[in-house]
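Welcome, and thanks for taking a look at this one with me. Please have a look at the sequence and the 3D view, and then we can walk through them together.

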Amino acid sequence: MSTFRYGISRADTEANAGFFLGEIMRANLDDQYAIASDFGERYQIRIANNEELRSEVYRLRYRVFCQKLGYDMSQRNGLESDEFDRDSVHVLLRERAITS
């Protein structure tokens, strides 16, 4: 039914919406997950909920899986996507630019 490939499936998200989206988007992530004391300052978490952000996900997947790792995967115009993507929620973790 649900497939974890690169994102969280819609069925899993709907069944666990309070956990997946609520926990991910909490303002105090560094305290919640104790990943790093400066996590919120260093990283930004975004749900890829529009075409521009989804394209960024697919472009990154192409660069990592097709170009870097050499996998022969379905891609078009430098974007790797498949039939599971329309039912998935993708999350981007970006490192913020460091300003002095």
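How much accessible surface does the chain have, and what share of it belongs to carbon and sulfur atoms? The accessible surface comes to about 7,300 Å², and 48% of that belongs to carbon and sulfur atoms. Please keep in mind that this is a predicted model.

## Overall layout

The chain has 100 residues, and buried residues make up 28% of them. Its secondary structure consists of five helices and six strands. Reading from the N terminus, you will meet the elements in the order β-α-α-α-α-β-α-β-β-β-β.

How do the contacts spread along the sequence? If we take the contacts between residues at least 6 apart in sequence, 55% of them join residues at least 24 apart.

## The largest nonpolar core

Let's go inside next. In soluble globular proteins, nonpolar side chains tend to be buried together. Here the largest nonpolar core has five residues: Ala48, Leu53, Val57, Tyr58 and Leu92. Helix H5 supplies the largest share of this core, with three residues.

Val57 is a good place to zoom in. Leaving aside residues up to four places away in sequence, Val57 touches Ala48, His90 and Leu92. Two of these partners, Ala48 and Leu92, belong to the core as well.

## Two aromatic pairs

The structure holds two aromatic pairs. Why does the pair of Phe39 and Tyr43 count as tilted? The ring centres of Phe39 and Tyr43 are 5.2 Å apart and the planes meet at 35 degrees; stacked would need planes under 30 degrees apart and edge-to-face over 60, so this pair is tilted. Phe39 is buried, with a relative accessible area of 7%, whereas Tyr43 is partly exposed at 21%.

The other pair joins Phe65 and Tyr71. Their rings are stacked, with 6.0 Å from centre to centre and 20 degrees between the planes.

## Tyr71 and a surface patch

Where does Tyr71 sit in the chain? You will find Tyr71 in the loop between helix H5 (51-68) and strand S3 (75-76). Its relative accessibility is 46%, so Tyr71 counts as partly exposed.

Tyr71 also has a part in a nonpolar surface patch, together with Leu60, Val64 and Leu69. This patch covers about 350 Å². Tyr71 thus appears twice in our tour, as a partner of Phe65 in the stacked pair and as a member of the patch.

How values were computed:
Residues numbered from 1 in each chain as written. Predicted model: local features only at pLDDT ≥ 70, side-chain atom pairs only at ≥ 80, totals over all residues. Heavy atoms only, no water. Phe/Tyr/Trp six-rings, centres within 6.5 Å; stacked < 30°, edge-to-face > 60°. Buried < 20%, exposed > 50% of the residue type's maximum accessible area, 1.4 Å probe, protein only. Helix = DSSP H or I, 4+ residues; strand = E, 2+ residues; numbered from the N terminus. Contact = heavy atoms within 4.5 Å. Areas by Shrake-Rupley, 256 points an atom, 1.4 Å probe, with all protein chains shown as cover. Patch = residues over 30% accessible without salt bridge, like charges linked within 9 Å, V, L, I, M, F, W, Y side chains within 5 Å. Salt bridge = Lys/Arg side-chain N within 4 Å of Asp/Glu carboxyl O. Core = buried A, V, L, I, M, F, W, Y, C linked by side-chain atoms within 4.5 Å.
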